[in-house]
Amino acid sequence: MTRTGRVPRLLAHTGEPRAALSPADAARLGVADGDLVRIESVHAGTVVRATIDAGQRVGELFLPMHWTDEFCSAGPAGRLVNAALDPISGQPELKLTAVRAEAVPVAWRGLLLHRAAVRPQGVAYWSRVPLSNGHAFELVGSDALPAGPALTRFVEGLLHPPAGAEWLQLTDAGRGLLRVAILVDGRLEACLFLAAGDGAQLPPRDALAALLGDRVKDEARPSLLSGRAPGGSGAPGVKSAGRTVCACFSVGLLTIREAIVANRLTSAEEIGACLKAGTNCGSCIPELKEILRDVHASA
């Protein structure tokens, strides 16, 4: 993450650290895939998003070590582990630390797009992925959104709006929605979308992210608050490739699943021949095999 963390294409594959839990442990904790989980050791604690992994051993969890405070609120996993070093090699004791895990309640989820690498404040969890023209943040809150002047202060803590910025806002308390766009000299500096519950009402990211830094015409402003790019881009009916699985060839999860079903693919090699996924660095091959198992199990 000292160099590759600045390359948007590489972070399209995995944009945040995730704690891998076995299905049995996840069920015992009441944690679903993508939920927040609090991990605590005698050394420190953190909150991170969970991944349900059938290959993870029961009674253990795995958390990648290379993430930093620059990309997510979870911070370095090294804070959780024993600082003891092997006396000969100097290798730290990274792989054997007792922890306690528990589910974290989720009250709302959010999407923040910003030209600057801000640090959102007042949320249970955030993660940042660099884009070619700015940054995309995923936000999760465990407490209900505030109301009145407290809501304004809360939004300012997320957006860090520049002095003199123009502020567009739409609030629907009944549906638990908040949408804000920040313009500087008529150009889109940032936009924020918050939705109660599972975040199903959040807009797709990419179409709106492409507008960061662009001048927004008066007639296009309602489109921003509706969660759609002017001209209909990002509207319902636009097909998504899903989360990127193969960063080398930018192949998404939904594309892979559809290809498996449509072409009756049965191996990672066949996926590679069809989509090129997994044919360069090969780091996504284990995930391709897991997607195959999942698709065939649900057929």
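Which residue in β5 is the bridge partner of Ile39? In this predicted model, the partner is Ala101. The pair belongs to a protein of 299 residues, whose secondary structure amounts to 8 helices and 13 strands. The radius of gyration is 21 Å, close to the 19 Å given by the globule rule for 299 residues, so the protein is as compact as a globular protein of that length.

**Overall dimensions and packing**

- Taken along the principal axes, the box filled by the C-alpha atoms of the protein is roughly 60 × 50 × 40 Å.
- Buried residues make up 40% of the 299 residues of the protein.
- Among contacts with a separation of 6 or more, 59% are between residues that lie 24 or more positions apart.

**Surface and charge**

- The protein has an accessible surface of about 15,800 Å², and carbon and sulfur atoms contribute 53% of that surface.
- There are 31 positive and 30 negative charges in the protein, and the mean positions of these two groups are 4 Å apart.

**The five-stranded sheet**

- One open sheet contains 5 strands in the order β4-β1-β3-β2-β5, and its pairing is mixed.
- The edges of this sheet are formed by β4 (61–62) and β5 (100–104). Each of these has a single partner strand, so one side of each is left without a neighbour in the sheet.
- Strands of a sheet pair through backbone hydrogen bonds, and the pairing may be parallel or antiparallel.
- Strand β2 (residues 36–40) and β5 run antiparallel and are joined by 5 bridges.
- The pairing of Ile39 with Ala101 in β5, raised at the outset, is a bridge of this sheet's edge strand.

**Loop residues with positive phi**

- Asp185 has a phi near 55 degrees, which is a positive value in a residue other than glycine.
- The location of Asp185 is the loop between β10 (177–184) and β11 (187–196).
- With a relative accessible area of 66%, Asp185 is exposed, since the cut-off for that class is over 50%.
- Lys276 is likewise not a glycine, and its phi is positive, at about 75 degrees.
- The loop that holds Lys276 runs between α7 (268–275) and α8 (285–298).

How values were computed: Residues are numbered from 1 along each chain as its sequence is written. This is a predicted model: local features need pLDDT of at least 70, side-chain atom pairs count only at pLDDT 80 or more; totals for chains, interfaces and linings use all residues. Side-chain values use heavy atoms; hydrogens and water are left out. Helices (H or I, at least four residues) and strands (E, at least two) are DSSP runs, numbered from the N terminus. The radius of gyration is taken over C-alpha atoms; the globule rule is 2.2 Å times the number of residues to the power 0.38. Buried means under 20% relative accessible area, exposed over 50%, partly exposed in between (1.4 Å probe, protein chains only). Contact means heavy atoms within 4.5 Å. Accessible areas come from the Shrake-Rupley method with a 1.4 Å probe; for residues, only the protein chains shown count as cover. Lys and Arg count as positive and Asp and Glu as negative; His and the chain ends are not counted. The place of a charge is taken as NZ of Lys, CZ of Arg, CG of Asp or CD of Glu. Two strands pair if DSSP finds at least two bridges between them.
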